[in-house]
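Let's take a walk through this one together, from the overall layout down to single residues. Have the sequence and the 3D view side by side before we start.

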Amino acid sequence: MAHVSVTINGRSFRMACDDGQEDHLLRLAAEVNGKVDQLKGAFGEIGDTRLTVMAAIMVADELADTRRRLKAAETELNALREARAVSVERADEREALLAHTLDDAAASIERLTSHLTGLSKPAS
């Protein structure tokens, strides 16, 4: 298990994380620290605990919004997949109908050709 020191609101905290996750943890801490700095800029010094709670709520709100947008995107993707399946099915039906129509046309042409060939032969 790895350990890193993160700084949030000017205070250092020693944290444990899985090996290889050190940079990720540092980036997350920097994001939280950025939220705290943003809140300090808007509200001034209102206490460490309050700033931390407000920053956590901001992150939770962003996460909830991201989850909502992901769910909407998944719903849209599923609808598009269903629409694609219907389109493919319709295209297959049209292709089968076209093939049948072409077969009928070819048979008609063959019959007409045979009839015309029979008319053009001299009578014996």
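Before we look at any helix, one handy yardstick: the expected span of a helix is 1.5 Å times one less than its number of residues. Keep in mind, too, that this is a predicted model.

Now try that yardstick on helix α1, which covers residues 22-43. With 22 residues, α1 reaches 31 Å from its first C-alpha to its last, close to the 32 Å expected. Right after α1 comes G44, with a positive phi near 80°.

Let's step back to the whole chain. Its secondary structure comes to 2 helices and 2 strands, and along the sequence they follow the pattern β-β-α-α. The radius of gyration is 36 Å, well over the 14 Å that the globule rule gives for 124 residues, so the chain is more spread out than a compact globule. Along the principal axes, the C-alpha atoms fill a box of roughly 115 × 35 × 20 Å. Of the 124 residues, 11% count as buried. As for contacts between residues at least 6 apart in sequence, 21% of them join residues at least 24 apart.

On to the strands. β1 and β2 run antiparallel, with 7 bridges joining them. Two pairings are easy to find on screen: A2 stands opposite C17 in β2, and V4 stands opposite M15 in β2. A2 also has plenty to touch: setting aside residues up to four places away in sequence, A2 is in contact with M15, A16, C17, D18, D19 and E22.

What sits between the two strands? N9 lies in the loop there, between β1 (2-8) and β2 (11-17). The hairpin has 2 residues between its strands, and N9 takes a positive phi near 55°. That is a positive value in a residue other than glycine. N9 is also buried, with a relative accessible area of 15%; it gets that label because buried means under 20%.

Next, look at the two faces of β1. In a regular strand the side chains alternate between the two faces of the sheet. Here the covered face of β1 holds A2, V4, V6 and I8, while H3, S5 and T7 make up the uncovered one.

Back to α1, this time asking which of its residues are buried. They are L25, A29, N33, K35, V36 and L39. Seen down the axis of α1, these buried residues fall within an arc of 150°, so they line one face of the helix. An α-helix has 3.6 residues a turn, so residues three or four places apart point the same way. The buried residues of α1 pack against β1, β2 and α2 (48-120). On the other side of α1, D23, R27, G41 and A42 are exposed.

Two residues of α1 deserve a look of their own. K35 is buried, with a relative accessible area of 11%. Leaving aside neighbours within four places in sequence, K35 is in contact with A55, M58, V59 and E62. A42, in contrast, is exposed, with a relative accessible area of 56%. The C-alpha atoms of A42 and M54 are separated by 12 Å, and these residues are 12 apart along the chain.

For another view across the chain, pick A56 in helix α2. At 45% relative accessibility, A56 counts as partly exposed. A56 and V32 are 24 residues apart along the chain, and their C-alpha atoms are separated by 7.6 Å.

So where do the buried nonpolar residues come together? In soluble globular proteins, nonpolar side chains tend to be buried together. The largest nonpolar core in this model has 11 residues in all: A2, V4, V6, I8, C17, L25, A29, V36, L39, L51 and A55. β1, α1 and α2 each supply at least two residues of this core. You've met several of these already: A2, V4, V6 and I8 come from the covered face of β1, and L25, A29, V36 and L39 are among the buried residues of α1. Color the core residues in your viewer, and you can trace how β1, α1 and α2 each contribute to it.

Note on methods: Residues are numbered from 1 along each chain as its sequence is written. This is a predicted model: local features need pLDDT of at least 70, side-chain atom pairs count only at pLDDT 80 or more; totals for chains, interfaces and linings use all residues. Side-chain values use heavy atoms; hydrogens and water are left out. Helices (H or I, at least four residues) and strands (E, at least two) are DSSP runs, numbered from the N terminus. Buried means under 20% relative accessible area, exposed over 50%, partly exposed in between (1.4 Å probe, protein chains only). Two strands pair if DSSP finds at least two bridges between them. The arc is that of the directions from the helix axis to the C-beta atoms. Contact means heavy atoms within 4.5 Å. A nonpolar core is a set of buried Ala, Val, Leu, Ile, Met, Phe, Trp, Tyr and Cys residues joined through side-chain atoms within 4.5 Å. The radius of gyration is taken over C-alpha atoms; the globule rule is 2.2 Å times the number of residues to the power 0.38.
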